[in-house]
Amino acid sequence: MLKAIETNYAGRRFRSRREARWAILFDHLHIDWRFEPEGYYLPGNQMYLPDFELHLPTGRVWVEVKPDLTHYGQLSSLCTESERPGVLVAEPMTKANLVPVGPDGSWLESRSVGGWLAQVTGQDVLSITAASNAALSARWEHGEKPRRPSKPGGRGPRAYQKAVSLLHESSSPAFGAF
């Protein structure tokens, strides 16, 4: 089994680069996030530390980052106990799937990351695609240190340009619909 590489971003130490990439995406969309905000005891005296807590205009949401979207019972239990929704995510790609969890702990029908982000943030396809590109293009291998966006509403120039070209190149009318 492969071991995740711990990664630093925004003054935080993430257990994996995948988690750090989600933090980059949240920053580019100006989503207020907390990484591993606190641990919780779940039924059966299980200890659980959720990856992210997002503070959205629609309320607070739990986010659990895993390499695949297999059923993850601890997230369901946390949603039930806190009476807040959550999502199980893998990669921060707009067309990737995520699995939402209702505040009652029920697993809902999977949807796309881009569609969910558009719904909970009210942001446009271009902003979400640019944020995804910025997250996926972040590198740490040779001492690079991805930085947070410098100004509100600012998009990284390369991420923005790539998002524009992807939107223009796409011949699928469903591309922007998530």
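# Notebook: cores and salt bridges in a predicted model

I started at Leu54 and listed what it touches, leaving out residues up to four places away in sequence: Phe26, Ile31, Asp32, Trp33, Gly59, Arg60, Val61, Val63 and Trp116. The coordinates are those of a predicted model.

**Entry 1, the cores.** I next looked up the largest nonpolar core, which has 32 residues. Leu54 is among the members that touch the most others, together with Phe26, Phe52, Val63 and Trp116. I then asked which elements give two or more residues to this core. They are helix 1 (17-28), strand 3 (32-35), strand 6 (52-56), strand 7 (59-65), strand 8 (86-89), helix 3 (113-121) and helix 4 (125-137). Helix 1 contributes the most, with six residues. Another core lies apart from this one; I counted 10 residues in it, including Tyr48, Leu75, Leu88 and Val101. As a background note, nonpolar side chains in soluble globular proteins tend to be buried together.

**Entry 2, helix 3.** Which residues of helix 3 are buried? I found Val113, Gly114, Gly115, Trp116, Leu117 and Val120. Trp116 is thus a buried residue of this helix, and I had already met it in the contact list of Leu54. After the helix comes Gly122, and I read a positive phi there, near 75°.

**Entry 3, the chain as a whole.** I counted five helices and 10 strands. The chain has 178 residues, and 43% of them are buried. For contacts with a separation of 6 or more, I found that 48% join residues 24 or more positions apart. The exposed area comes to about 9,900 Å², with 51% of it supplied by carbon and sulfur atoms.

**Entry 4, salt bridges.** How many salt bridges does a search of the whole structure find? It returns eight, and I went through three of them.

The pair Arg84 and Glu53 has its closest N and O atoms 2.6 Å apart. Arg84 sits in the loop between helix 2 (73-82) and strand 8, while Glu53 belongs to strand 6, so the bridge ties together parts that are 31 residues apart in sequence. I checked the burial of both partners, and both Arg84 and Glu53 are buried.

For Glu6 and Arg13, the closest N and O atoms are also listed at 2.6 Å. Glu6 has 46% relative accessibility and counts as partly exposed. Arg13, at 58%, counts as exposed.

The third pair I looked up is Lys66 with Glu64, whose side chains meet at 3.3 Å, N to O. Is Glu64 buried or exposed? It is buried, because its relative accessibility is 2%. Lys66 counts as partly exposed at 23%.

I also looked for bridges that share partners, and found that Glu53, Arg60 and Arg84 are joined into one network. Arg60 is also one of the residues that Leu54 touches.

**Entry 5, confidence.** I took the mean pLDDT of the chain as 85, with 83% of the residues at 70 or more. Where does pLDDT stay under 50? I found this over residues 171-178, and for that stretch the model has 11 contacts beyond four places in sequence.

Notes:
Residues numbered from 1 in each chain as written. Predicted model: local features only at pLDDT ≥ 70, side-chain atom pairs only at ≥ 80, totals over all residues. Heavy atoms only, no water. Core = buried A, V, L, I, M, F, W, Y, C linked by side-chain atoms within 4.5 Å. Buried < 20%, exposed > 50% of the residue type's maximum accessible area, 1.4 Å probe, protein only. Helix = DSSP H or I, 4+ residues; strand = E, 2+ residues; numbered from the N terminus. Contact = heavy atoms within 4.5 Å. Areas by Shrake-Rupley, 256 points an atom, 1.4 Å probe, with all protein chains shown as cover. pLDDT = per-residue confidence, 0-100.
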